[in-house]
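User: I would like to go through the enclosed spaces and the helix packing of this model by question and answer. Please keep the reasoning explicit at each step.

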Amino acid sequence: MYRLTCVQCGQSYPPDEILYTCRSCGHLLFVEYDLDSITVRREDWDRRPISVWRYRELLPVTIPPVSLQEGGTPLYRLERIGKEIGLPNLYAKHEGMNPTGSFKDRGMTVGVSMALQLKKSTVACASTGNTSASLAAYAAKAGIPAVVLLPAGKVALGKVAQALMHGANVISIRGNFDKALEMVQELCISHGLYLLNSINPFRLEGQKTIGFEVIDQIGGVPDRIVLPVGNAGNISAVHKGLSELRTLGLIDRLPMMTGIQAKGSSPVVRAIRDGLPEVIPEKQPETIATAIRIGAPVNAEKALNAIRQTGGTAEWVTDEEILAMQKALAQKEGIGVEPASAASVAGVLKLTESGVIDRSEYVVCVVTGHLLKDPETVIKQCKPPIEIDADLQSLLSALHCS
């Protein structure tokens with residue numbers, strides 16, 4: 001039904017082989033289905049509730065999945081922000097409404113299920129936060145241990161709390177995310193743990209369902225899908241999934257895939273702007289948006305292909321632009337997201353003002369994580385509550401009422 005295939009040399013491997021990169025050339029792998037042998041009927045999907053497992057014919061799991069009812073996240077029309085930007089058809093897909101508060105749950109329901117399917121007994125990851133929270137929860141649901149490596153002092157408190165509460169073995173290292181990923185890869189290879197970072201091609205299979213749901217919710221193909229880019233798995237996954245739908249004849253075109261990074265952590269943007277065949281890693285990435293503070297995105301190769309093959313683009317935004325849009329989403333649309341999530345909408349504002357995005361486009365922004373993932377950053381932006389004496393006159397005075 002499927003095999004693992006190298007994105008560069010085309011070498012194929014059997015689906016039950018524990019492999020993260022190509023043995024022949026070292027490049028990334030993807031899950032390649034024999035689409036001619038797969039029967040997908042739109043009426044079957046439409047009868048199922050909207051969720052990751054609505055699309056099970058295009059997922060690799062053959063056992064009962066480890067699920068926390070992920071997916072089915074809301075798609076909001078950004079009416080006030082869209083009007084201000086001049087985009088009447090601007091939408092936000094709120095992945096923060098997944099069980100652990102981020103899009104990572106889509107990948108983990110598939111990834112942890114595949115760990116069981118492949119008879120692996122322990123799962124592991126490096127994380128900027130959301131991956132660790134999700135892995136810990138799904139490992140708990142599966143009843144298997146989880147090991148998590150975090151860059152010390154660089155992960156939002158809400159995410160650390162989730163990983164700890166769900167019982168993961170959480171280890172902070174004195175180094176950045178890229179070093180943590182290098183270490184956890186070595187650990188998995190040497191000691192047989194199952195790696196569930198997005199270098200694992202099975203994990204991205206769950207994340208591609210974001211695109212499937214967008215098509216179903218909007219009732220067609222948007223002109224552009226805009227995503228924050230950290231490790232670059234999400235933009236790669238959505239592109240792959242929609243390419244499969246086109247091959248199956250379920251859609252007739254692909255949206256322009258557009259990636260947004262923080263200015264202090266933007267190797268994909270530089271590669272697109274400069275026409276480079278691959279990214280040049282950023283040794284000391286820095287941004288307030290911790291979820292995308294990644295200097296050497298492991299899925300960059302796939303992301304560059306996704307952007308270029310669809311006529312999309314990549315742009316960076318400053319921390320100030322990210323925080324301003326985080327507040328605008330909360331106060332003008334009632335949508336609470338963590339900073340990295342707001343990057344996608346901030347990027348749309350910048351690209352529209354520069355004329356890259358046409359004002360007639362249907363644009364879907366993926367906002368990736370919930371507001372409460374990073375409460376410390378939120379509190380720093382807001383005025384503290386007013387403290388008053390417990391009497392009506394003090395209350396009226398605080399409210400400037402006579």
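**Cavities and helix packing**

Analyst: In this predicted model, the largest cavity holds about 270 Å³ of space. The residues closest to its centre are Phe103, Lys104, Gly230, Asn231 and Ala291, out of 25 that line it.

User: Which elements give two or more residues to the lining of the largest cavity?

Analyst: The lining of the largest cavity has 25 residues, and an element is named here if it gives two or more residues to that lining. The elements that do so are helix 4 (130-142), helix 7 (201-207) and helix 9 (233-247).

User: How do the residues of the lining of the largest cavity divide into nonpolar, polar and charged?

Analyst: Among the lining residues closest to the centre of the largest cavity are Lys104 and Asn231, where lysine counts as charged and asparagine as polar. Over the lining of the largest cavity, the division is nine nonpolar, 13 polar and three charged.

User: How many cavities of 30 Å³ or more does a search of the whole structure find, and what is the volume of the second largest?

Analyst: The search of the whole structure finds two cavities of 30 Å³ or more. The second largest cavity is lined by Glu17, Ile18, Leu19, Tyr20, Leu118, Tyr194, Asn200, Pro201 and Phe202. These lining residues divide into seven nonpolar, one polar and one charged. The volume of the second largest cavity is about 30 Å³.

User: Are helix 4 and helix 5 roughly parallel or oblique to each other?

Analyst: Helix 4 and helix 5, the latter spanning residues 157-165, pack with their axes 8 Å apart and at an angle of about 20°. Angles under 35 degrees count as roughly parallel, and so helix 4 is, with respect to helix 5, roughly parallel.

User: Which residues of helix 4 and helix 5 meet, and is the crossing left-handed or right-handed?

Analyst: From helix 4, Asn130, Ser132, Ala133 and Ala136 meet Lys159, Gln162 and Ala163 of helix 5. By class, the residues of this contact are three nonpolar, three polar and one charged. Where helix 4 passes helix 5, the crossing is left-handed.

User: Why do helix 9 and helix 11 count as oblique to each other?

Analyst: Helix 9 and helix 11 have axes 8 Å apart. Angles under 35 degrees would count as roughly parallel and those from 65 to 115 as roughly perpendicular. Helix 9 and helix 11 are therefore oblique, given that they pack at an angle of about 55°.

User: Which residues make the contact of helix 9 with helix 11, and how does that contact divide by class?

Analyst: Helix 9 passes helix 11 in a left-handed crossing. On the side of helix 9 the contact is made by Ile235, Ser236 and His239, and on the side of helix 11 by Lys302, Ala303, Ala306, Ile307 and Gln309. By class, this contact has four nonpolar, three polar and one charged residues.

User: Is the crossing of helix 10 and helix 11 left-handed or right-handed?

Analyst: Helix 10 (residues 267-274) and helix 11 (residues 300-309) pack at an angle of about 45°, their axes being 11 Å apart, so helix 10 is oblique to helix 11. Val268, Ala271 and Ile272 of helix 10 meet Leu304, Ile307 and Arg308 of helix 11, a contact with five nonpolar, no polar and one charged residues. The crossing in which helix 10 passes helix 11 is right-handed.

Methods. Residues are numbered from 1 along each chain as its sequence is written. This is a predicted model: local features need pLDDT of at least 70, side-chain atom pairs count only at pLDDT 80 or more; totals for chains, interfaces and linings use all residues. Side-chain values use heavy atoms; hydrogens and water are left out. On a 1 Å grid over the protein atoms alone, a cavity is a set of points where a 1.4 Å probe fits but cannot get out, and a pocket is an open set with protein on both sides within 12 Å along at least five of seven lines; lining residues have an atom within 4 Å of a point. Grid points are joined across faces, edges and corners, and a volume is the space filled by probe spheres set on the points. Helices (H or I, at least four residues) and strands (E, at least two) are DSSP runs, numbered from the N terminus. Axes are lines fitted to C-alpha atoms, for helices over the stretch in contact, and angles run from 0 to 180 degrees between N-to-C directions. Angles under 35 degrees count as roughly parallel, over 145 as roughly antiparallel, 65 to 115 as roughly perpendicular and the rest as oblique. A crossing is left-handed if the near helix is turned anticlockwise from the far one by less than a right angle, and right-handed if clockwise. Contact means heavy atoms within 4.5 Å.
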